[in-house]
Amino acid sequence: MRYEKPTTVEAATALLAGQGARVLAGGTDLLVQMRSRVLSPDVLVDIKGIDATRKITKDASGYTIGAAVTGAELKEHPTLSKDWPGLVEAANLIGSTQVQGRCSLGGNLCNGSPAADSVPGMIAAGAVATIAGPKGTRTLPVEDIMLAPRKLALTAGEFIVSFKIPARPAHGGDAYLRFIPRTEMDIAVVGCGVALALDAGGTCTAARVSLGAVAARPLLVEDGAKALIGTKVDDAALAKLEAAVRAACKPIDDKRGTVEFRIDVAGTLAKRTAKIALERARKV
Amino acid sequence: MSTDAEHTGSQGRSDPPARVTRRAALQTAASAVAFATAPASNAQQTGPTTSAAAEGSTIRLIVNGQPRTLSVDPRQSILDILRETLDLTGTKKGCNAGACGACTVLLNGQRINSCLALAAMHDGAEITTIEGLAKGDDLHPLQQAFIERDGLQCGYCTPGQIMSGVACISEGHAGSVQEIKAWMSGNICRCGAYAGIVEAISDVAKGGKL
Amino acid sequence: MTETIAYTGRIEDERLATGRGRYVADLRLPRLAHAFTVRSVYSHAKIRSIDTAAAKAAPGVLAVLTGADLAADGIGDLPCGVELPKSDGQKAHQAKRPVLARDRVRFVGECVVLIVAESVEQAEAAGELVEIDYEPLDAVADVEPALASGAPAVWDEVPDNIAYVWKKGDNDTFEKAAAGAAHVVRLTSHVSRVTACSMEPRGALGLIDDEGRYVIHASTQGPFNMRPTLAGLFKVDQSKVRILAGDVGGSFGMKSGAYPEDVLVLWAAKRLGRPVRWISERRESFLSDDHGRDVHIDAELALDKDGKILGLRGKFDVNIGCYLSGRSLFMIGNLGGIAGVYRIPTIVASVRGIFTNQQTSAPYRGAGRPEATYAIERLIDLAARKMKIDPYQLRLRNLVPPTAMPYDTGFTFVYDCGEFEGNMTGAAELADQAGFEARRAESAKRGKLRGLGIANPIEVAGGPFAKPGKDYSSIRVSSDGTVTLNTGVMSVGQGIETMMSYLVAERLGVSVDKVRYVQGDTDLLPGGRGNGGSSSTGVGGACVAITLDNTIAKGREIAADMLEAKPDDIEFADGHFRLGGTNRAVTLFEVAEHAEKANDDGFTAAGEFQPPSVTYPNGCHMCEIEIDPDTGALEIVRYTIVEDIGTVINPTLARGQIHGGVAQGVAQAIGEKLIYDAESAQLSTGSFMDYMIPRAHDLPNINIRTREVPTKVNSLGAKGVGEAGTVGSLAATINAVCDALSPLGITHIEMPATPARIWQAIENAREAKAA
């Protein structure tokens, strides 16, 4: 097995186009899978040598966050936690503190688990991935990247360089909650990200609702957004949100919970998440 | 950290195979085990070329203040380098999967699970292990606090707990019992000495001795 | 008597907190070779063939060995030695565990092939090249399918899969009592299968020393326990086997027997002429460590109209896994705890060991005690609920009073002493039980369900119950100013080095830092209890007390010689042997110097202690929890214990043991469980990600008070504390959950009380109400 650390996107895509190559960002998921012999790469391509994967930049149109930026670095950014607290919280729920120092948004997404913590937070925020490949660069909304467990909409040689997060709307707020059996280390039973924006009168003008761990891939629940848009996000609207979220879930039975349990908790969680997003939107 | 545990169990296996077959990739892995001694330059990258590592590579680490130059296999973790190459056995292997915290060390001042840190990725890093905390005969305040507060029983998780605790305090995450419990949740203690561990960290955080 | 030395912390802590602990994986030896075991992926299968050719040719490989190679070397299976009958009345089939499976595997994770190589990575890589041709067989994964008619047999010799049967008491007497009872409540419940998860995985390093002896450094809690097994397998005298345990990173009962891997490293070392080490990987430990508990309970409690208990009947089916040994009998010796602290006029109970295609279930912290306490304490709560009597009051009504001591429970245990009511009133006060209902109402205002669960554990310690084990120790006083203590008991984290060193220092009048504590070496003593059964203080400490007596007696003889007097005229105090009535004295170390000059042996003494009977630690646990009914999430808001462990030798260490025990009992109640996939038989909770192990913020602060009712069974008055926390907490926590859910009409919930299960119970209750 080889370890390579290219410094340019072109060098990275060339390596990744080869047989048995895998992207290495933080390494936390990858190493675990290599040890349990689920994966056996021939080449590890460490993308952290590429500047664009490690930076967070802010401009009028929003944030560009490198795919290998860690959860801890997201938290330390001076303004990101204020603008997108839900996204930052979601990224910092990945694993224990020691893992937070190393895990990345890109890695969490590309691991291809429907239960990935940071993904609903990104989807709710409207994150769009910038993908580099042998044929050039393209963009794709995060909700379109994971197709099924361990199956990504990336082709040979492609990797995610960074994510574009829009500027936070004037009266916007986001939140992420998840429900897990015991602690952060465990795999989520349900994860929910909600972002919404209000007009000056307090009516919701835009919303995005995303769920993790309740289907074969993280979901963008459009009916959930519709339940909130045009309302003051009162109890009636939240009840509709809860119902829409429950209708969208397609979870499985496993040792962490039955189908009914996960569907029920997803609805409860969505309401709680929306309430936090609402409070945040009202404060700014 | 999330893995796909939902569809096929945490190992990703469904039906056990009738024959245990050889995996083609193993051919590569088996031959990569032997250490390559040809040095490769990872230290500086000039220009847009890749800095390629051969089967093995040389890295430089500063471990407990001592500069070390090491030949490493690309699959070796910092934990294995510490224990097997440098004979610093104070850091423990509890699960080798980043889930128990027994292998916690400080890397450039930050706490990491050394079992999940590929050595090859960390050329130039400064590492502090449990052996590097005390100054001669003077114990680090947190080591002393662990002893005073009965924060250990079998001692196996203890080096990881202490290193993690040092960082927890320097991160500013030791402001209350609840905060300490949350931010130390990456370190398992099966003997159940959590009460003493939290008190020890709290003592040192309050006392400002760090 | 002796002056108590102020406690300044554990002696072993400086070593452990600076990374200088020496666990098996830390040992370094020249030419060390590394072992890896290829394990079965089937729960039940024939082995048609094993092809090791490719593995043997892999880089760095020194040996690839199978069950056939073991047989060729004349090494048999691990012993069984169970004398109990099976269901047809014949002696139990001696279902011995092979060191490497030969023609059949019976559980997922069974060792099939041993690989030894220059490095662990090379051994593992070679392991992938081994080709095993399996023919899968029908398997039984649990007790119910194992007992179903027509079920596949784990052992051809035992078609009904019942390994052993045991019973005590008279069924007719119970039936009469039940017939005349106002109420009979029944509990059918499964105490789940869990695993010890010691932070240090198992490991062993085997070598042949210069004298040709088999020497093994093992992560074990029972060096002396292993010796006869190893000697027997290698067909040598026990003196040709030496077992050494250094620092052991937790064990909890799991590391108390000889495992196949222990045999394998010695066998490989003998064949290769090199030391061989095996360290379990964490994934491997979930599969291959002896598991714990897995007991199905069917029990009934009969009461009169005033709530006085008239009788108890219990049936316990233990899923012992696929092999049988003395370790499979843990439920029997400790079953007496079902009598609890209550007067129960008639008790009848039976235990069956059931074969399944699972790993062995063996002693794990409590080893049947938590299960027994769970049975009686749940039954009492069920009765209290049914009869609308307060659970605390119902218990008080049936308590054995102190005036009844010694109290014969009429089943197996005879309590020598105990003041049970004092435990309860103490716990009630400490837990502010009086304020609970107000707290419950306040929780309800916030939409939460609050519950309070009680349990009065009582357990046997310093046993085993049937025949308490003997312990040995020895002391050497050296002229260099040190005292060396060798103990037959040992620490796997409990601080025994400290407890013992203080005992020695106080008695001999030396400072603690002059005491050298040595444990875990079978060469140094005729025998030893190792660790286990909450015996280190009551038996090990008492043994050391005897050895100290013998040391002083010996010292008086030598001093008499030095002072030209009779030993009877010599007094010992403060480290000095004084000729009574004079100011002529010699110090302990001067005596040692004199003895060393006179003979090679120097100033040594030995001692042994055969406990005349067992002891009974007991207490009252109160667990208070709050549940979020929308999600089933549970928080333990308060945990209170009043525990009678007899004389408390070191309060800090005792508290640490109780904390640790509670952590394990609570965790089993709310989340820990080994889960095997029904179809593939693979373990789906095989890592710390999937197996719920308690972390810092899962457990509340525990409020502990000890009450001393000293026992006369040993000179220290100590009853034992190692398992006490677990014995009560499993029951108290489940009782608390049931109490919280009772307003919804829910009477019982099975462990683990996970959010999903709690939520489902609430849903079912809502639907039942609506219907």
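The exercises below, each with a worked solution, concern a predicted model.

**Exercise 1.** Describe the open sheet of chain C that contains strand 23, strand 24 and strand 25, and state which strands lie at its edges.

*Solution.* Begin with the order of the strands, which is 23-24-25 in chain C, with antiparallel pairing. Next, look for strands that pair on one side only: these are strand 23 (570-573) and strand 25 (585-587) of chain C, and they are the edge strands. Then consider how the neighbours are turned against each other, which is by 20 degrees on average when direction is ignored. Turning to a single pair, strand 24 (residues 576-579) of chain C is joined to strand 25 of chain C by three bridges, and Arg578(C) stands opposite Ala585(C), which belongs to strand 25. Finally, add the helix that lies across strand 23, strand 24 and strand 25 of chain C, namely helix 17 (residues 588-598) of chain C, which runs at about 80 degrees to strand 25.

**Exercise 2.** Decide how helix 10 and helix 11 of chain A are oriented to each other, and describe their contact.

*Solution.* Two packed helices are described by the angle between their axes and the distance between the axes. Helix 10 (residues 235-248) and helix 11 (residues 259-283) of chain A pack at about 140 degrees, and their axes are 8 Å apart. Angles over 145 degrees would count as roughly antiparallel and those from 65 to 115 as roughly perpendicular, and the two helices of chain A are therefore oblique to each other. Helix 10 of chain A passes helix 11 of chain A in a right-handed crossing. In the contact, residues of helix 10 including Leu238(A), Leu241(A) and Val245(A) meet residues of helix 11, among them Ile263(A), Ala270(A) and Lys271(A). By class, the residues of this contact divide into eight nonpolar, two polar and five charged.

**Exercise 3.** Work out how helix 18 and helix 19 of chain C cross, and which classes of residue make up their contact.

*Solution.* Start with the geometry: the axes of helix 18 (residues 651-670) and helix 19 (residues 724-741) of chain C come within 7 Å and cross at roughly 35 degrees. The crossing of these two helices of chain C is right-handed. Then turn to the residues, where Ile658(C), Val662(C) and Gln664(C) are among those of helix 18 that meet helix 19, whose residues in the contact include Ser729(C), Leu730(C) and Thr733(C). Sorting the contact of helix 18 with helix 19 of chain C by class gives seven nonpolar, eight polar and no charged residues.

Terms used:
Residues numbered from 1 in each chain as written. Chains lettered and ligands numbered in written order. Predicted model: local features only at pLDDT ≥ 70, side-chain atom pairs only at ≥ 80, totals over all residues. Heavy atoms only, no water. Pairing = 2+ DSSP bridges. Helix = DSSP H or I, 4+ residues; strand = E, 2+ residues; numbered from the N terminus. Axes fitted to C-alpha atoms, helices over the stretch in contact; angles between N-to-C directions. Contact = heavy atoms within 4.5 Å. Parallel < 35°, antiparallel > 145°, perpendicular 65-115°, else oblique. Left-handed = near helix turned anticlockwise from the far one by under 90°. Nonpolar A, V, L, I, M, F, W, Y, C, P; charged D, E, K, R; others polar.
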